[in-house]
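Colleague: Could you take me through one part of this model slowly, please? I would like a close look at a single helix and whatever surrounds it.

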Amino acid sequence: MKFIPAGERIGEQHQVRTVGLAASPDLPDGEYTFVDCYCTDPECDCRRVIILVLHNGKHVSTINYGWESSAFYKKWYGGKTVSSIIEEMKGSSIDIASPNRVKGPAMLAFFNRLLTDDYVNVLKKHYMKFKRAIKNDPPPYDD
Ligand SMILES: [Zn+2]
């Protein structure tokens, strides 16, 4: 499964989120940008986002977020799934491939604070637009 930034497919309809942070005990001051990426398989309805977190333009962390319930991911994944995988797909977690240039738990807590209903709705909307764009014009690669 390959994930690419939404902006590469939905262009101007897409806005990344940027938040300034100062005087945090655990994270460096500066500007944090959250780049939402979605999976490019037109047949896949995984309803997840991978977020690249940039600190002053540098990739410092990668976060996984799934907005559906455990029941949804269980069904989507099929019968014989380990529950730890399901728990990882649901909610937010630091991605296994994160560069971890900032403290993971602090980054996750920061992200969770930003995760309002409005932001979740933006992510869902981006996902839908992105999937529509991918269906209309599937990527040439397949992995
Ligand atoms: Zn997918």
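Modeller: Happy to; what follows is a walk around helix 4, starting from the whole chain and then going on to the packing and the loops.

Keep in mind that this is a predicted model. The protein has five helices and six strands, and along the sequence they come in the order β-α-β-β-β-β-α-α-β-α-α. Its C-alpha atoms occupy a box of roughly 45 × 35 × 30 Å along the principal axes. The radius of gyration is 15 Å, which agrees with the value near 15 Å that a compact globule of 143 residues would have. Of those 143 residues, 26% are buried. Taking contacts between residues at least 6 apart in sequence, 56% link residues at least 24 apart.

Now to your helix. Helix 4 spans residues 104-114, and its buried residues are Met107, Phe110 and Phe111. These residues lie on the same side of helix 4, because they cover an arc of only 95 degrees around the axis. The face turned away from that buried side carries Pro105, Asn112 and Arg113, which are exposed.

What lies over the buried side? Strand 4, strand 5 (58-66) and strand 6 (91-94) are among the elements that cover the buried residues of helix 4. A good place to see this is Val53, whose contacts beyond four places in sequence are Tyr32, Phe34, Val60, Ser61, Thr62, Ile63 and Met107. Met107 is one of the buried residues of helix 4, so you can follow the packing from the helix to Val53 by way of this contact.

Val53 also belongs to the largest nonpolar core, which has 23 residues. It is one of the residues with the most contacts inside that core, together with Cys37, Tyr38, Val49, Ile51 and Phe130. Helix 4 supplies at least two residues of this core, and so does each of strand 3, strand 4, strand 5 and helix 5 (117-136).

Behind this lies the strand pairing. Strand 4 (residues 48-55) runs antiparallel to strand 3, with six bridges between them, and Val53 in strand 4 stands opposite Phe34. Strand 3 (residues 30-39) is also joined to strand 1 (residues 3-5) by three bridges, again antiparallel; there, Cys37 of strand 3 faces Pro5. Strand 2 (residues 17-21) is antiparallel to strand 3 as well, over five bridges, and Leu21 has Gly30 of strand 3 as its bridge partner.

Two loops deserve a look while you are here. Most residues other than glycine have a negative phi. Asn100, in the loop between strand 6 and helix 4, has a positive phi of about 50 degrees although it is not a glycine. Asn100 counts as partly exposed because 13 other C-beta atoms lie within 10 Å. In the loop between strand 3 and strand 4, Arg47 has a phi near 50 degrees, also positive in a residue other than glycine. Arg47 is partly exposed too, with 19 C-beta neighbours inside 10 Å; the buried class begins at 20.

How values were computed. Residues numbered from 1 in each chain as written. Predicted model: local features only at pLDDT ≥ 70, side-chain atom pairs only at ≥ 80, totals over all residues. Pairing = 2+ DSSP bridges. Helix = DSSP H or I, 4+ residues; strand = E, 2+ residues; numbered from the N terminus. Buried ≥ 20, exposed ≤ 12 C-beta atoms within 10 Å, placed from the backbone. Arc of directions from axis to C-beta. Contact = placed C-beta atoms within 7 Å. Core = buried A, V, L, I, M, F, W, Y, C linked by C-beta atoms within 7 Å. Rg over C-alpha atoms; globule rule 2.2 N^0.38 Å.
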